[in-house]
Amino acid sequence: MNKNTWLIGCGIVVGIAVLVLIVGGMWAASVNNQLVAAQENMKGAWAQVETVLQRRYDLIPNLVATVKGYAAHEKEVLENVTRLRSQWGAAQTLEQKTKAANEMEGALARLLVVAEQYPDLKANQNFRDLQFELAGTENRISVERQRYNEAVKSYNVRVRTFPGALIAGMLGFHPSDAYFNAAPAAADAPKVQF
């Protein structure tokens with residue numbers, strides 16, 4: 001084997017190695033970009049959940065004030081709704097906000113049961129308007145929770161499946177367990193008595 005053949009062979013091997021490194025780097029960058037996009041989609045979906053939870057949070061004082069005028073002796077229910085509203089406002093982490101939001105759903109349901117006991121309150125236009133707005137907000141919360149859970153699922157699929165799994169761990173992307181789940185009490189059927 002002469003010197004020129006050996007140099008050409010080394011050049012080809014180096015060229016292939018450089019090409020493999022370039023293609024591998026581009027592939028890793030592409031996977032990273034997809035993971036970042038999925039993570040940001042998940043964060044954006046959570047921001048939407050917070051937006052509609054904030055709307056609920058803003059409606060509650062008006063609803064409580066309206067009910068308070070009719071149902072003064074239902075003080076415990078009203079205080080509980082107010083306390084839970086404060087807890088949601090003070091929550092810092094996603095888990096704390098999720099827990100507070102789930103507890104708020106139960107308290108609002110109890111508040112609306114109290115309202116059912118007062119025909120004059122149900123006939124009050126302000127109460128009906130607030131109840132309608134709150135019902136619309138609860139529907140929006142449900143939709144945004146579903147979208148958020150879909151974004152978490154999509155992110156987790158990217159992080160845990162090939163080829164993302166090869167890059168995700170090295171770049172600090174880990175599966176998220178931050179699904180928005182129903183409150184444990186939601187598993188029990190409500191008791192309706194006539």
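**Figure 1. Exposed surface of the predicted model**. The chain exposes about 12400 Å². Carbon and sulfur atoms supply 59% of that area. Of the 194 residues, 31% count as buried.

**Figure 2. Helices along the chain**. The chain holds six helices and zero strands. Read along the sequence, the pattern is α-α-α-α-α-α. Take the contacts between residues at least 6 apart in sequence: 76% of them join residues at least 24 apart.

**Figure 3. The largest nonpolar core**. This core has 24 residues. Leu-53, Tyr-148 and Phe-180 have the most contacts inside it. Helix H1 (3–70), H3, helix H5 (125–160) and helix H6 (164–168) each give two or more residues to this core. H1 gives the most, with ten residues. A second, separate core has 20 residues, among them Val-77, Leu-108, Phe-127 and Leu-134.

**Figure 4. Surroundings of Tyr-148**. Residues up to four places away in sequence are not counted here. Tyr-148 touches Met-42, Ala-45, Trp-46 and Val-49. Leu-94 is also among its partners. Tyr-148 further touches Ala-178, Tyr-179 and Phe-180. Phe-180, like Tyr-148, is listed with the residues that have the most contacts inside the largest nonpolar core.

**Figure 5. Lys-97, a buried lysine in H3**. Lys-97 lies in helix H3, which spans residues 94–116. Its relative accessibility is 15%, so Lys-97 counts as buried; the cut-off is under 20%. Neighbours within four places in sequence are left aside. Lys-97 is then in contact with Trp-46, Glu-50, Trp-88, Ala-91 and Gln-92. Trp-46 also touches Tyr-148.

Terms used. Residues are numbered from 1 along each chain as its sequence is written. This is a predicted model: local features need pLDDT of at least 70, side-chain atom pairs count only at pLDDT 80 or more; totals for chains, interfaces and linings use all residues. Side-chain values use heavy atoms; hydrogens and water are left out. Helices (H or I, at least four residues) and strands (E, at least two) are DSSP runs, numbered from the N terminus. Buried means under 20% relative accessible area, exposed over 50%, partly exposed in between (1.4 Å probe, protein chains only). Contact means heavy atoms within 4.5 Å. A nonpolar core is a set of buried Ala, Val, Leu, Ile, Met, Phe, Trp, Tyr and Cys residues joined through side-chain atoms within 4.5 Å. Accessible areas come from the Shrake-Rupley method with a 1.4 Å probe; for residues, only the protein chains shown count as cover.
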